[in-house]
Amino acid sequence: MTNTKLSAAVDRVMLDRHSIRAFLPTPIAREEIEDILRVASNAPSGNNIQPWRVHVLTGVTLHTLIERVCSAFDAADGSHTPEYHYYPTEFFEPYLARRRKCGGDLYGVLGIARGEKARMRAQMRKNFEFFGAPVGLMFTIDRRLAQGSWLDYGMFLQNVMLAATARGLATCAQAAWIDYHRIIAELLALPENEQVVAGIALGHADPAAPENALLTGRVPVAEFVSFHP
């Protein structure tokens, strides 16, 4: 029998989670971060190997990473490239249209017109400031692990964001950090076998920021599900 109250609460958390791109500077207690990660670590993984490693950045370390990566971003000298391809080398439908709509909707709420490349780049740069969040989470994995562990990792990342949402906090998952994996590895003294997967900005959403009102749509179930009776 369905537990209506529980399912409604779980559904609400999943529906409330969305990418936040402007945060308040309000600090987050270490105990709350640890609690989020503790609950999130209940994510499933093959043979329970739990392939995730998390680096919590605050204070001086957070600001140092932001400063170094933003400097490299501004230099744009081509010396920084991602360690793995998050996106296909060439988009195709229906994914191309979805990507364009997402970008267009974001620029629309920010009042950035098509062709305003400087403003688009300035918005991209905010990724490397963790959008002003007081906490940056950097996720790494042992590069010797296989594709299945990356699937497991996705479930853990989702758990982190849902646990944060349930506690009234906001997040933004960021693959953009992988472009600067060498800077991250040096600052965090990562061992050679540890690879950057992604980052997550964590904090309280700025309610006055127009970009935080953006809710990206989802295609209907019939568009991605096939039933085989």
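Arg125 and Asp74 form a salt bridge in which the closest N and O atoms are 2.8 Å apart. Arg125 belongs to helix H5 and Asp74 to helix H3, so this pair ties together parts that are 51 residues apart in sequence. Neither end is classed as buried: Arg125 is partly exposed at 24% relative accessibility, and Asp74 is partly exposed at 45%. The model is a predicted one, and the values that follow should be read with that in mind.

Salt bridges that share partners also build a network, which joins Asp35, Arg38 and Arg167. Within this network, the side chains of Asp35 and Arg167 meet at 2.9 Å, N to O. The two residues come from distant parts of the chain, with Asp35 in helix H2 and Arg167 in the loop between H6 and strand S3 (170-174), 132 residues apart. Asp35 has a relative accessibility of 24% and therefore counts as partly exposed. Arg167 is likewise partly exposed, with a relative accessible area of 30%.

Helix H2 also holds a salt bridge of a local kind. Glu34 pairs with Arg30, and their closest N and O atoms are 3.0 Å apart. Both residues lie in H2, four residues apart, which is about one turn of the helix. What is the exposure class of each partner? Glu34 is partly exposed, with a relative accessible area of 43%, whereas Arg30 is exposed, with 63%. The cut-off for exposed is over 50% relative accessible area, so Arg30 passes it. The total for the model is 12 salt bridges.

The helices can also be followed through their packing. H1 packs against helix H6 (residues 147-166) at an angle of about 105°, and the two axes are 9 Å apart. Angles from 65 to 115 degrees count as roughly perpendicular, and H1 and H6 are therefore placed in that class. On the H1 side, the residues in this contact are Val13, Met14 and Asp16; on the H6 side, they are Leu162, Thr165 and Ala166.

Met14 appears again at the surface, where Leu6, Val10 and Met14 form a nonpolar patch with about 270 Å² of accessible area together. Val10 is located in helix H1, which covers residues 4-16. With a relative accessibility of 41%, Val10 counts as partly exposed. A residue must have over 30% relative accessible area to enter such a patch, and Val10 meets that condition because its value is 41%.

The loops hold several backbone features. Glu93 and Pro94 are joined by a cis peptide bond, with omega at about 5°. Pro94 sits in the loop between helix H3 (59-75) and helix H4 (95-110).

Which residues other than glycine have a positive phi near 55°? Asn48 is one of them, with phi near 55°, and its place is the loop between helix H2 (30-40) and strand S1 (53-57). Phe131 is another residue other than glycine with a positive phi, near 55°. Phe131 is found in the loop between helix H5 (117-125) and strand S2 (135-142). Is Phe131 buried or exposed? Phe131 has a relative accessible area of 6%, and because buried means under 20%, Phe131 is buried.

Notes
Residues are numbered from 1 along each chain as its sequence is written. This is a predicted model: local features need pLDDT of at least 70, side-chain atom pairs count only at pLDDT 80 or more; totals for chains, interfaces and linings use all residues. Side-chain values use heavy atoms; hydrogens and water are left out. Patches are made of residues with over 30% relative accessible area and no salt bridge: like charges are joined within 9 Å, nonpolar side chains (Val, Leu, Ile, Met, Phe, Trp, Tyr) within 5 Å. Accessible areas come from the Shrake-Rupley method with a 1.4 Å probe; for residues, only the protein chains shown count as cover. A salt bridge is a side-chain nitrogen of Lys or Arg within 4 Å of a carboxyl oxygen of Asp or Glu. Buried means under 20% relative accessible area, exposed over 50%, partly exposed in between (1.4 Å probe, protein chains only). Axes are lines fitted to C-alpha atoms, for helices over the stretch in contact, and angles run from 0 to 180 degrees between N-to-C directions. Angles under 35 degrees count as roughly parallel, over 145 as roughly antiparallel, 65 to 115 as roughly perpendicular and the rest as oblique. Contact means heavy atoms within 4.5 Å.
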